[in-house]
Amino acid sequence: MVKAIMALIMENSTFTYEPNSTFYQYGNDSNYTELVCDPQGSGNPIESPEFQITVYIMYSVIFLVAVIGNGIICYIVLSSSRMRTVTNYFIMNLAIGDILITIFCVPFTSVSSLQQYWSFGSLLCPVVNYSQAVSVFVSAYTMLAISLDRYIAIMWPLKPRLSKKFAIMIILSVWIFAGLTALPIPVMTSLDQPNDWYIACDRYVITHDFLNLLSVLTSH
């Protein structure tokens, strides 16, 4: 039925269709345009209520398990003096990084993926993307620090281990280096309206403009 209606319209008019939402623009001249911003009318299975409820439930379970599980790790390390070792400090920092990934990635990514546009405003766009990058880099650099600590312990077992104070300095360096590494992210992140549908419906998607980053670097 939908295909028959679309074919009938196309016979006598110019027609464009946005596959992710209902977007009809037709007419024999540019003076007649109709725009409909109704996500339920596109027939896209991603936009069905059943699919979205299922995905939201799964993301909610992942969010709770990640936050509670990593929170328990932090509590165990901080609550017991016996657990406050150099390796456990690194593991706790890795757990903190995982918590940040969960907080900044799961809610915003799931909602944006299902809506297929960014609905959290222009201010949160660079902030969320920068926070996501920092949390990922913190986890990666912490695993690197754990690997180096294990390598030293295996290759030189008689060599004195890292002190707790030095481990804390390494963790602080991990956060500083992660923040510096992710600095280009807010510079090249912006909101964009890639086609007429986004303009008409006042919706945006996140884009990463590498040319803008290059121009900023060359200007200095």
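What percentage of the 220 residues in the protein chain is made up of buried residues? The figure is 31%. The model on display is predicted, and the tour below proceeds from the overall fold to individual residues.

**The whole chain**

Begin with the protein chain in cartoon representation, coloured by secondary structure. Eight helices and four strands are present. Followed along the sequence, these elements give the pattern α-β-β-α-α-α-α-α-β-α-β-α.

**Helices α2 and α3**

Select residues 49–79, which form helix α2, together with residues 86–115, which form helix α3. The two axes come within 9 Å of each other and cross at roughly 165 degrees. An angle over 145 degrees counts as roughly antiparallel, and α2 and α3 are therefore roughly antiparallel to each other. The crossing of α2 past α3 is left-handed. With side chains displayed, the contact of α2 with α3 can be divided by class into 22 nonpolar residues, six polar residues and one charged residue.

**Inside helix α3: S112**

Keep α3 on screen and select S112, which is found in this helix. Is S112 buried or exposed? Its relative accessibility is 16%, so S112 counts as buried; the cut-off for that class is under 20%. Now add F108 to the selection. A polar atom of the S112 side chain lies 2.9 Å from the backbone oxygen of F108.

**The loop after α3: Q116**

Next, select Q116, in the loop between α3 and α4. Q116 is not a glycine, yet it has a positive phi of about 65 degrees. Its relative accessible area is 17%, and Q116 is therefore buried.

**Helices α3 and α4**

Add residues 121–155, helix α4, to the view of α3. How do the axes of α3 and α4 cross, and within what distance do they come? They come within 9 Å and cross at roughly 155 degrees. This makes α3 and α4 roughly antiparallel to each other. Their crossing is left-handed. The residues of the contact of α3 with α4 comprise 16 nonpolar, nine polar and three charged.

**Inside helix α4: the salt bridge**

How many salt bridges does a search of the whole structure find? The search finds one. To display it, select D149 and R150, whose side chains meet in this interaction at 3.6 Å, N to O. The two partners may also be inspected for accessibility. D149 has a relative accessibility of 3% and so counts as buried. R150, at 35%, counts as partly exposed.

**Helices α4 and α5**

With α4 still selected, add helix α5, residues 164–181. The axes of α4 and α5 come within 8 Å and cross at roughly 140 degrees. That angle makes α4 oblique to α5. Here α4 passes α5 in a right-handed crossing.

**From α4 to a sequence-distant residue: A133 and A182**

Select A133, which lies in helix α4. A133 counts as buried because its relative accessibility is 14%. Then select A182 and draw a C-alpha to C-alpha distance between the two alanines. A133 and A182 are 49 residues apart in sequence, while their C-alpha atoms are 5.7 Å apart in space.

**The loop before β4: D202**

Move to the loop between α7 (196–201) and β4 (205–208), and select D202 within this loop. D202 has a positive phi of about 55 degrees although it is not a glycine. Is D202 buried or exposed? Its relative accessible area is 54%, so D202 is exposed.

**Strand β4: T207**

The last stop is T207, in strand β4. With a relative accessible area of 25%, T207 is partly exposed. Select L191 as well and draw the C-alpha to C-alpha distance. T207 and L191 are separated by 16 residues in sequence and by 6.0 Å in space.

Conventions: Residues numbered from 1 in each chain as written. Predicted model: local features only at pLDDT ≥ 70, side-chain atom pairs only at ≥ 80, totals over all residues. Heavy atoms only, no water. Salt bridge = Lys/Arg side-chain N within 4 Å of Asp/Glu carboxyl O. Buried < 20%, exposed > 50% of the residue type's maximum accessible area, 1.4 Å probe, protein only. Axes fitted to C-alpha atoms, helices over the stretch in contact; angles between N-to-C directions. Helix = DSSP H or I, 4+ residues; strand = E, 2+ residues; numbered from the N terminus. Parallel < 35°, antiparallel > 145°, perpendicular 65-115°, else oblique. Left-handed = near helix turned anticlockwise from the far one by under 90°. Nonpolar A, V, L, I, M, F, W, Y, C, P; charged D, E, K, R; others polar. Polar contact = N/O pair within 3.5 Å; in protein donor to acceptor, adjacent residues only side chain to side chain.
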